[in-house]
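Here's a walk through a fold, taken one piece at a time. Keep the viewer open and follow along.

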Amino acid sequence: MSQGDFPGWHGTTIIGVKKNGKVVIAGDGQVSLGQTVIKGTARKVRRLSPGGFDVVAGFAGSTADAFTLLGRLAAKLEATPGQLPRAAVELAKDWRTDKYLQKLEAMLIVTDGTHLMVITGAGDVLEPEHNVAAIGSGGNYALAAARGMMDTKKGADTIAR
């Protein structure tokens, strides 16, 4: 499939950085339709607070699909309070096996302030090896830049920016 088949993926960059006990998720605000930028101020990083347990999630892909997944993640977190890894695995299992969810085109980076994970529709729940995760069409560039800054004195928020 060509990139034109998934216009929501064009131009998105979401990055998660974990350094010195702090985890930051940041994202661009660009929404594109094909080669046209429709909006530059979208919020692609959201806070979920099911049961008073804070999780921050960033998404790349179709907005409607991402919001469906964020709702499902919130439900999993309510069922397993304080257990983001378990909720993420349960979401990934549903995403991989449910006929409706299988069609969703999005990826998530999530954190509870301790864990940093990427959740994909292929059933993956990945904790990055070098404390940096990035998704979206600009993800590889952001990942390379952030990994290059991890050995500096810069904090997680500066690296993510």
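First, the vocabulary: helices (H or I, at least four residues) and strands (E, at least two) are DSSP runs, numbered from the N terminus. What you're looking at is a predicted model, where local features need pLDDT of at least 70, side-chain atom pairs count only at pLDDT 80 or more, and totals for chains, interfaces and linings use all residues. Residues are numbered from 1 along each chain as its sequence is written, and side-chain values use heavy atoms, with hydrogens and water left out.

Let's drop in at threonine 120, which sits in the loop between strand 8 and strand 9. Is it buried or exposed? Threonine 120 is buried, because its relative accessible area is 9%; the scale here is buried under 20% relative accessible area, exposed over 50%, and partly exposed in between (1.4 Å probe, protein chains only). Leaving aside residues up to four places away in sequence, threonine 120 touches Trp95 and Met107, where contact means heavy atoms within 4.5 Å.

Now for the sheet around that loop. It is an open sheet of 5 strands in the order 5-6-7-8-9, with antiparallel pairing; two strands pair if DSSP finds at least two bridges between them. At the edges are strand 5 (45-48) and strand 9 (125-126), each pairing on one side only. Strand 7 (residues 106-111) and strand 8 (residues 116-119) run antiparallel and are joined by 4 bridges. Within that pairing, isoleucine 109 stands opposite valine 118 in strand 8.

Helix 1 (residues 63-79) packs on the sheet, touching strand 5, strand 6 (55-61) and strand 7, and its direction makes about 155° with that of strand 6. For these angles, axes are lines fitted to C-alpha atoms, for helices over the stretch in contact, and the angles run from 0 to 180 degrees between N-to-C directions. Helix 2 (residues 84-97) lies across strand 6, strand 7, strand 8 and strand 9, running at about 5° to strand 8.

Helix 2 is worth a sanity check. How far should its 14 residues span at 1.5 Å a residue? The answer is 20 Å, and the end C-alpha atoms are 20 Å apart, which agrees; the expected span is 1.5 Å times one less than the number of residues. The buried residues of helix 2 are Leu84, Ala87, Ala88, Leu91, Ala92 and Trp95. These residues cover an arc of only 135° around the axis, so they end up on the same side of helix 2 (the arc is that of the directions from the helix axis to the C-beta atoms). They pack against strand 6, helix 1, strand 7, strand 8 and strand 9.

On to the charges. The whole structure has 6 salt bridges, each being a side-chain nitrogen of Lys or Arg within 4 Å of a carboxyl oxygen of Asp or Glu. One of them pairs lysine 76 with aspartate 94, whose closest N and O atoms are 2.6 Å apart. Lysine 76 lies in helix 1 and aspartate 94 in helix 2, so the pair ties together parts that are 18 residues apart in sequence. Aspartate 94 counts as partly exposed because its relative accessibility is 25%.

Lysine 93 and glutamate 90 also form a salt bridge, with closest N and O atoms 3.2 Å apart. Both lie in helix 2, 3 residues apart, about one turn of the helix. Elsewhere, arginine 47 and aspartate 54 meet through their side chains in a salt bridge (3.8 Å, N to O). Arginine 47 counts as exposed at 56% relative accessibility, while aspartate 54 is partly exposed at 38%. Finally, Lys22, Asp157 and Arg161 are linked in a network of salt bridges.
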